[in-house]
Amino acid sequence: MGRVEGKVVMITGAGSGAGRADALMLAREGAKIIATDQNLETAQATAAEIGEAAIALPLNITKEDEWVAAFAAAREKFGYVDTLVNNAGILIQASIEYMAFEDWQKTLNVNVTGYYLGCKHGVLNMKEKGGNIVNMGSVTSHLGSPNYFAYAAAKSAVVSLTRSVNAHAKTGGYAIRCNALCPDGILTPMVLAQMGLPPDADVEMIKQSPMGHRFCYPEDVANLVLFLVSDESRFISGADIAIDNGNFRFSEF
Ligand SMILES: NC(=O)c1ccc[n+]([C@@H]2O[C@H](COP(=O)([O-])OP(=O)(O)OC[C@H]3O[C@@H](n4cnc5c(N)ncnc54)[C@H](O)[C@@H]3O)[C@@H](O)[C@H]2O)c1
């Protein structure tokens, strides 16, 4: 019996990095997986790795009609979607002085509007029989950032959205939980790209560098997602949980 046996989990951005790791781990623990991504081929590759317990669907999280279509297709296949992992995201580097207005809008469109749409359609689809939403925040949800300020603003909003979805569920009498996780660096193609490295770069080399203590593996994140998706966390909702090696939780003095 797996830790999430029988759960039906839709994951956004499941074609790469943390989303792919979530999909593989949740499937290993007994969940049915709806692997979605704006890049359908990559979602299909994740679903193919899992086998019969998974399907792949195209989903650009910024398009409301695609959310409606994805939930309809998932419900047709599995009957009910009880869990949504809002994971897809983008990272654009620039300080507040130099970020182009279009890049600010793009960051908020994917990382905030995409999560609003996910939470909206998640709640609409789960309010009948209950469910669970897990949102991908970041260490920057709680920190100022000179070079990723738009990303930080967006990820702060993800934590706020998480609290409000929980508040809505509580006041509306829905058995829906909603939590966020807030990782520091994860060794995924997103972070490798920031370093000018290809998606298949040797991540062990980074782990051994002086910055290595800042980076976890996608599986470290998937372990927390697994806990939040499972009933082991049934008394946790509206929370944001750090996964940062404790690096930002102490004073030197
Ligand atoms: N890598 C890190 O250091 C790190 C740290 C903290 C939080 N995060 C967050 O974790 C999540 C996953 O990031 P990752 O590191 O695995 O990145 P990644 O670039 O490896 O994967 C992101 C996936 O999201 C998809 N995607 C992007 N925009 C999309 C859209 N509009 N609609 C649907 N899919 C879209 C991409 O196609 C890709 O498959 C993101 O929300 C990211 O902000 C990452």
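How far is an oxygen atom of the ligand from an N or O atom in the side chain of Y115? In this model, which is predicted, the distance between an oxygen atom of the ligand and an N or O atom in the side chain of Y115 is 3.3 Å. The backbone takes part in contacts of this kind as well, for a backbone N or O atom of N87 lies 2.7 Å from an oxygen atom of the ligand, while a polar backbone atom of I61 is 3.0 Å from a nitrogen atom of the ligand.

On its own the ligand has 830 Å² of accessible area, and the protein covers 92% of that area. The elements that each give two or more residues to the shell around the ligand are helix α1 (17-28), α4 (101-126), α5, β7 (185-186) and α6 (189-194), and the largest share, 3 residues, comes from α6. There are 27 residues around the ligand, of which S16, D37, N87, Y151 and T188 come nearest. Sorted by character, the residues of this shell divide into 14 nonpolar, 10 polar and 3 charged.

From the ligand we can turn to the aromatic side chains, which form 2 aromatic pairs in the structure. One of them joins W67 and F71, whose rings are stacked, with 6.1 Å from centre to centre and 25° between the planes. Both residues lie in helix α3 (residues 64-78), where they are 4 residues apart, about one turn of the helix. W67 is buried, because its relative accessible area is 0%, and F71 counts as buried too, because its relative accessibility is 2%. W104 and F149 also form a stacked pair, with 5.7 Å from centre to centre and 10° between the planes. Since W104 lies in helix α4 and F149 in helix α5, this pair ties together parts of the chain that are 45 residues apart in sequence. With a relative accessible area of 28%, W104 is partly exposed, whereas F149, at 18%, is buried.

Charged side chains provide another set of links. Side chains of opposite charge can pair when their charged atoms come close, and the structure holds 8 salt bridges. Among them is the one in which the side chains of E232 and R3 meet, at 2.8 Å from N to O. This pair links distant parts of the chain, 229 residues apart, because E232 is in the loop between α8 (218-229) and β9 (240-243) and R3 is in the segment before β1 (8-11). E232 counts as partly exposed at 44% relative accessibility, and R3 is partly exposed with a relative accessible area of 37%.

Another salt bridge brings together the side chains of D240 and R163, at 3.5 Å from N to O. Here D240 lies in strand β9 and R163 in helix α5 (residues 149-172), so the pair ties together parts that are 77 residues apart in sequence. D240 is partly exposed, with a relative accessible area of 27%, and R163 is partly exposed at 43%. The side chains of R249 and D244 likewise meet in a salt bridge, at 3.1 Å from N to O; R249 is exposed, with a relative accessible area of 54%, but D244 is buried, with 5%.

A last point concerns the backbone. Most residues other than glycine have a negative phi. N245, although not a glycine, has a positive phi of about 60°. This residue, N245, lies in the segment after β9 and, at 59% relative accessibility, counts as exposed.

How values were computed. Residues numbered from 1 in each chain as written. Predicted model: local features only at pLDDT ≥ 70, side-chain atom pairs only at ≥ 80, totals over all residues. Heavy atoms only, no water. Salt bridge = Lys/Arg side-chain N within 4 Å of Asp/Glu carboxyl O. Buried < 20%, exposed > 50% of the residue type's maximum accessible area, 1.4 Å probe, protein only. Near = heavy atom within 4 Å. Polar contact = N/O pair within 3.5 Å; in protein donor to acceptor, adjacent residues only side chain to side chain. Areas by Shrake-Rupley, 256 points an atom, 1.4 Å probe, with all protein chains shown as cover. Nonpolar A, V, L, I, M, F, W, Y, C, P; charged D, E, K, R; others polar. Phe/Tyr/Trp six-rings, centres within 6.5 Å; stacked < 30°, edge-to-face > 60°.
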